[in-house]
Every structure is written in structure tokens, then in C-alpha cells.
Amino acid sequence: MDYKWEKGVTKRRNKVFAAAVFFIIIVASVIFYRENRQEWMRYQRSYNEKLASKLNDPTYLKNPIKIEQTWLPQLNTTDRCMTCHSGVSNPLFVTEPQPFTTHPGDFLKTHPVEKFGCTVCHQGDGQVVVVEATHGAVHHLNRQLLTKEFAQASCAKCHMDIHDRSVTADIFPDAATFFKGRDLTYQYGCRGCHVINGEGGTIGPELTGLGSKTELAFFLIHDFQHVEGPHTMAQWIYEHFLNPQKVVPGNPELKFAATIMPNFGFTDEQAKALTIYVLGLRNPKVDNIPYDYIAVKKLAQTSPGRSSSMQ
Ligand code: HEC
Ligand code: HEC
Ligand code: HEC
Ligand code: HEC
């Protein structure tokens, strides 16, 4: 009798055990499958395939698939952008689509990746390796990714004399849009109402340091209700330049008047240049760039064209 009873229990136990093992195998394979099909892995595989076919050398197909990162404690950054942007330093990839394209201009030659990384100019979240989280409009992001001309808002972190009015686009062509915005602020008398780098009136808020604010800090004190585009600091500022009264219409019930900042009738182009300029108004204490990253060559002196006109 005893023996028979024991046999029944063991049988049941074996069934439970088999089911548990089966379950663990399923979970493990799902994890394994998902881990091996992450977005960045697909990009690296296609990069290797492109490289192998361009160089006609199939050994590139065996390149290990791995996270690429530049850890820069001096800048407090860990940038993994190169995990997907594998071709940034490879001139063979000029005509390839993103994320494989060769980096435009000489930026990576004058600012080597090993020393500068990417986020010091582009911001964004250097650590995540998911396109949406790095490139999308993400609220909790400290610093939204700066693309195209918007990256010019970062040059002022280290090229301090970019604010010097004798430095112009013919001396420093890579920041041409920034200068366009800077010149507009003089043309339209923004300093009548705003302090910019120590100069101006106090009718409007001080603009110095605006570009160093985090998305969150900006979000907490600005109303995004009337912003049509993605809810980011850059978009708020851009739409506000196009029409200040649309973005800050006031609230009659709460007796808040609409903003007194004039609608200057800026074109899209001008509003964009102004946005890049004000995002380039940095706060050195917040950016906290170490001394050996600050550009020492005065831009006005590096220009070959300028020295001859100085007599
Ligand atoms: C998971 C892969 C991946 C990672 C990680 C990644 N990118 Fe990208 N990136 C892409 C892809 C794909 C595109 C093109 C599609 C798009 O624009 O969304 C792109 C586009 C871009 C563009 C052009 C956007 C435009 O509007 O023209 C910039 C600039 C850029 N990435 C910078 C960065 C920087 C800086 C980082 C690191 C903070 C980074 N990327 C990390 C995949 C990645
Ligand atoms: C010194 C500043 C600087 C650094 C460092 C830098 N970039 Fe850029 N990057 C720029 C600027 C400025 C542009 C826009 C150039 C233009 O308008 O043609 C740009 C353009 C790009 C583009 C083309 C799409 C776009 O938005 O115009 C991609 C992609 C990109 N950068 C990715 C990277 C990655 C990845 C790294 C790191 C390996 C990196 N960048 C490092 C300044 C920089
Ligand atoms: C983190 C600091 C940093 C940022 C951000 C930065 N640069 Fe630089 N840049 C340097 C340093 C350092 C040098 C080396 C030369 C020097 O010390 O003056 C340099 C060199 C250059 C040079 C070569 C000048 C020469 O005569 O050798 C150019 C052009 C340049 N940067 C443009 C830009 C532009 C445009 C941006 C913005 C998109 C930018 N840089 C952003 C630090 C920076
Ligand atoms: C008659 C005064 C006046 C003039 C001239 C003026 N502004 Fe303003 N500006 C304001 C006031 C008041 C605010 C705050 C209310 C609001 O957000 O509209 C403001 C807000 C801003 C903001 C948002 C800043 C923040 O931290 O919220 C920016 C950016 C800005 N102005 C830039 C400019 C620029 C650039 C010019 C010149 C093209 C300019 N302003 C001209 C009065 C002015």
C-alpha cells in the first residue's frame, strides 16, 4: 500500500518538474531571442555586411557584435552612439543612409572621438542604444538630441569667443546659423528687454544660460499647451519666436495678460537661427567643461583672411 502511494506522489512530482523545466526553457529562449535581435545588433550586422561587400572581404562578416562606447569621466559622459553610427569615421560610407553615414565636415578630425565623444556637441542620452529613446522627443531626457545646425548651440561651450561680434561666419563657417541668430538679436533690439551675457534690460527674463537648462527644468516653468510640435524646449522657443502671443496667450480668468514680447513676424528660417542662438547662450557652471577642453586658439586669430586685414 505504502509503496503504491509513494509511486503516485513521485509521478506527480515528475510532472511538475517537467513542466517547470519546460517553462524555464521557453522563458530562456524568449530572452535569448529578444536579446539577440536588438535594434543596434541589426545595424551592426548590416554595417559589417556593407563593409564586407565594399572591401570585398568576407572576414568582416565575422566582426564581433558588441556595444561600442567612449567613457569620458572628464566630461561625465559615456557615449554609445557609435554602436549604431558605425561609419562616422569611415569615408567609404558617405553615400550610405543613417545610421551608417560618414560624419559631415571635419568635426571628428578637429574633435577626435576618443577625446570628445558625441554628446558634448549633440547632447541626447549617450548611454541608451534604442533609436526612439535617443532621438525621439523624450520628456525625462536631461538634454534633447541636437541635430543638424542645432548642434551649433554647443560650440559656445568651448569656443567662448563665438560671442565676440568680430567673429563672423567667414572666420567660423561651421557656426553660420548661430551667427545669423546672434546678428538678428542686435538688429531687433532684444537687449531692450532681455539680459544677454551681461548686457540688456530686465523687462523679459534673462536669456544667458538658457541653453544649459535641462528639459525638465524648462518644462516645469513653461506652459506647453499651445505648442503644436513635439514638447521640447527647442520647439517651445521656436514656436514662441514665430508667434509669442500664440504660445503665451495669457489667461483672462486668472487675470494673466498675454506676453508683451512683440511678434516680429520672423520667417521659419529666422526663428530657427534665433532658437539655435539662444540655445547657445550657455552657463559655464552647468556645462562644467574642464579647462583642457576649452578651445585656446582665438577664432579671430585662426582665420587666414583676418590677419591681412588687421593693418
Ligand atoms: C540604436 C541605434 C542608434 C543609436 C544608439 C544612436 N543612433 Fe543616431 N540614428 C540612428 C538611426 C537609425 C538614425 C536614422 C533614423 C532617424 O533619423 O531616426 C539616426 C539618426 C541620427 C541623426 C540624424 C537625425 C536627423 O534628424 O537627421 C543624428 C544627429 C544622430 N542619429 C546622432 C546620434 C547621437 C549623438 C547618438 C548618441 C547619443 C546616437 N545617434 C545614437 C540609430 C542610432
Ligand atoms: C564638435 C562637435 C561634434 C561632435 C564631437 C560630433 N558631432 Fe555630429 N555633427 C556636428 C554638427 C555641427 C553637425 C551638423 C553638420 C551640418 O550641418 O552639416 C553634425 C552632424 C551629424 C550627423 C548627421 C545628421 C545631422 O544631424 O546633420 C550625425 C549622424 C552625427 N553628427 C553623429 C555624430 C556622432 C555619432 C558623433 C560621435 C561619434 C558625433 N556626431 C560627434 C557636430 C559634432
Ligand atoms: C568640448 C569642447 C568643444 C566643443 C563643444 C566644440 N569644440 Fe571645436 N575645438 C575644441 C578644441 C579644444 C579645439 C582644438 C583647438 C583649440 O584648442 O583651440 C577645437 C577646434 C576646432 C576647430 C579647428 C580650429 C583650428 O584652427 O584648429 C574648429 C573649426 C572647431 N573646433 C569648430 C567647432 C564647432 C563648429 C563646434 C560646434 C558644432 C565645436 N567646435 C564644438 C573644443 C570644442
Ligand atoms: C518688449 C520686450 C521684449 C522684447 C523686445 C523681446 N522680448 Fe523676449 N520676452 C519678453 C517677455 C516679457 C518674455 C516672458 C514672457 C514670454 O515667455 O513670452 C519673453 C520671453 C522670451 C524668451 C523665453 C525665455 C524663457 O526663459 O522663458 C525668449 C527665448 C525670448 N524672449 C527671446 C527674445 C529675443 C531673441 C528677442 C529679440 C528678437 C526678444 N525676446 C525680444 C519681452 C521681450
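A residue is near a molecule or strand if its C-beta atom, placed from the backbone, lies within 6 Å of it. With that rule in hand, let us look at ligand 3. Its surroundings are made of 20 residues, and the closest are Cys155, Cys158, Asp174, Ala295 and Lys297.

Before going on, a word on the source. This is a predicted model, in which local features need pLDDT of at least 70 and side-chain atom pairs count only at pLDDT 80 or more, while totals for chains, interfaces and linings use all residues. Residues are numbered from 1 along each chain as its sequence is written, and chains are lettered from A and ligands numbered from 1 in the order in which they are written.

**Two domains**

The protein chain is assigned domain 1 (39–134) and domain 2 (149–302); such bounds come from an automatic or database domain assignment. Their C-alpha centres are 30 Å apart. Where they meet, five residues of domain 1 are in contact with four residues of domain 2; contact is defined as C-beta atoms, placed from the backbone, lying within 7 Å. The side of domain 1 that touches domain 2 has two nonpolar, three polar and no charged residues. Here Ala, Val, Leu, Ile, Met, Phe, Trp, Tyr, Cys and Pro count as nonpolar, Asp, Glu, Lys and Arg as charged, and the others, Gly among them, as polar. The shell around ligand 3 draws at least three residues from each of domain 1 and domain 2.

**Three ligand shells**

The table sets out the shells by residue class.

| Ligand | Nonpolar residues | Polar residues | Charged residues |
|---|---|---|---|
| Ligand 1 | ten | ten | four |
| Ligand 3 | eleven | six | three |
| Ligand 4 | 16 | seven | no charged residues |

Around ligand 1 there are 24 residues, of which Cys81, Cys84, Gln98, Pro99 and His122 come nearest. Helix H2 (39–55), helix H5 (119–122) and helix H6 (131–135) each give that shell at least two residues. Helices are DSSP runs (H or I, at least four residues), as strands are (E, at least two), numbered from the N terminus. Ligand 4 has 23 residues around it, with Cys190, Cys193, Gly204, Thr259 and Met261 the closest. Helix H9 (233–242) and H11 each supply at least two residues to the shell of ligand 4.

**A closer look at Cys155**

Where is Cys155 placed? Cys155 sits in the loop between H6 and H7. Cys155 counts as buried because it has 20 C-beta neighbours inside 10 Å; the cut-offs are 20 or more other C-beta atoms within 10 Å for buried, 12 or fewer for exposed, and partly exposed in between, with C-beta atoms placed from the backbone. Leaving out residues up to four places away in sequence, Cys155 touches Ile162, Ala175, Phe178 and Gly280.

**Helices together**

H9 is mostly covered, with seven of its ten residues buried. Among them are Trp236, Tyr238 and Phe241. The cover over these buried residues of H9 includes helix H8 (215–221), helix H10 (244–247) and H11.

H11 (residues 268–279) also packs with helix H7 (residues 176–187), at an angle of about 95° and with the axes 7 Å apart. Axes are lines fitted to C-alpha atoms, for helices over the stretch in contact, and angles run from 0 to 180 degrees between N-to-C directions. H7 and H11 are therefore roughly perpendicular (65 to 115 degrees; under 35 is roughly parallel, over 145 roughly antiparallel, and the rest oblique). The residues of this contact of H7 with H11 divide into six nonpolar, four polar and two charged.

Methods
Two residues are in contact if their C-beta atoms, placed from the backbone, lie within 7 Å.
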